[in-house]
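Subject: Structure for you to look at

Hello,

Here is the structure I promised to pass on. Please open it and keep it beside this email while you read.

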Amino acid sequence: MKYYSREHEWVKLDGDDAIVGITGFVAKELGDITYVELPREGADFIVGDSIGIVESVKDSVDVFCPISGTVIAINRNLDDDPGIINRSPEEKGWICKLENIDLAEFDDLMEEADYLKYLKTL
C-alpha cells in the first residue's frame, strides 16, 4: 500500500524499509522532466527535509521526505533517463529507498483515496 503527503510524495513499505517518489500529479504538472538531483546514500533525513530536486522544462521542485530514515539506495536509472518519472512516476520512477523508518510517521500520511480527495481541493 502507498501513502501520500500533502507535498505530493508517495511512500511504500518494502519489508522493513520504504521506497519514496513523487506522485503522478506532480510529474504531470512539471511536464518533461530533464534532471533529478538524488540524495546521497547513507544520508539521514527527517520528515520534511528536502531529499532532492526534480527539474523540468517548466519548473523545478524540491522532493520532501515524507518519513524519516536513512537512504540505503537511490534510483541511478534517473541519472541517464529522468523521464522515467514522467512515464512511471509511482513505480519505476522512484527516488530512493530508506531504512530505519518510524512506522508511526505513516499515521500523518494519506491513503490513496484520501489523497485523491485532497487533489480535488487544489
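The protein chain has 4 helices and 10 strands. This is a predicted model. Along the sequence, the elements come in the pattern β-β-β-α-β-β-β-β-β-α-α-β-β-α. The radius of gyration is 13 Å, close to the 14 Å that the globule rule gives for 122 residues, so the chain is as compact as a globular protein of that length. Its C-alpha atoms fill a box of roughly 35 × 35 × 20 Å along the principal axes.

How much of the chain is buried? Of the 122 residues, 48% count as buried. Contacts also link distant parts of the sequence. Take the contacts with a separation of 6 or more: 62% of them are between residues 24 or more positions apart.

Now the sheet. It is open and is formed by 7 strands. Their order is 5-8-9-3-2-1-10, and the pairing is antiparallel. Which strands stand at the edges? They are strand 5 (44-45) and strand 10 (110-111). Each has a single partner strand, so one side of each is left without a neighbour in the sheet.

Start at strand 5 and walk inwards. Strand 5 runs antiparallel to strand 8 (residues 69-74), and 2 bridges join them. Asp44 has Thr70 as its bridge partner in strand 8. Phe45 stands opposite Gly69, also in strand 8. The next step is from strand 8 to strand 9 (residues 96-99). These two are antiparallel as well, joined by 4 bridges. Here Thr70 turns up again, standing opposite Glu99 in strand 9. While you look at the strands, remember a general rule: in a regular strand the side chains alternate between the two faces of the sheet.

Two residues are worth a click.

The first is Asp17, in strand 3 (residues 17-22). Is Asp17 buried or exposed? Its relative accessible area is 19%. The cut-off for buried is under 20%, so Asp17 counts as buried. Leave aside its neighbours within four places in sequence, and Asp17 is in contact with Lys12, Ile72, Lys97, Leu98, Glu99 and Ile101. Look at Ile101 in particular. Asp17 and Ile101 are 84 residues apart in sequence, yet their C-alpha atoms are 6.7 Å apart in space.

The second is Glu112, in helix 4 (residues 112-120). Glu112 has a relative accessibility of 47% and counts as partly exposed. Which residues does Glu112 touch, not counting those up to four places away in sequence? They are Lys2 and Tyr4. For another distance, try Trp94: Glu112 and Trp94 are 18 residues apart in sequence and 17 Å apart in space, C-alpha to C-alpha.

Last, the empty space. Rolling a probe the size of a water molecule over the atoms shows where empty space is left. The largest pocket has a volume of about 150 Å³. It is lined by 14 residues, and the closest to its centre are Ser5, Glu7, Val47, Pro66 and Leu109. What classes of residue make up the lining of the largest pocket? There are 7 nonpolar, 2 polar and 5 charged residues.

To find your way around, begin with the edge strands, 5 and 10. Then go to Asp17 in strand 3, and on to Glu112 in helix 4. Finish at the largest pocket, with Ser5 and Glu7 among the residues closest to its centre.

Best wishes

Note on methods:
Residues numbered from 1 in each chain as written. Predicted model: local features only at pLDDT ≥ 70, side-chain atom pairs only at ≥ 80, totals over all residues. Heavy atoms only, no water. 1 Å grid on protein atoms, 1.4 Å probe; cavity = no way out; pocket = protein on both sides within 12 Å on 5 of 7 lines; lining within 4 Å. Points joined across faces, edges and corners; volume = space filled by probe spheres on them. Nonpolar A, V, L, I, M, F, W, Y, C, P; charged D, E, K, R; others polar. Pairing = 2+ DSSP bridges. Rg over C-alpha atoms; globule rule 2.2 N^0.38 Å. Buried < 20%, exposed > 50% of the residue type's maximum accessible area, 1.4 Å probe, protein only. Contact = heavy atoms within 4.5 Å.
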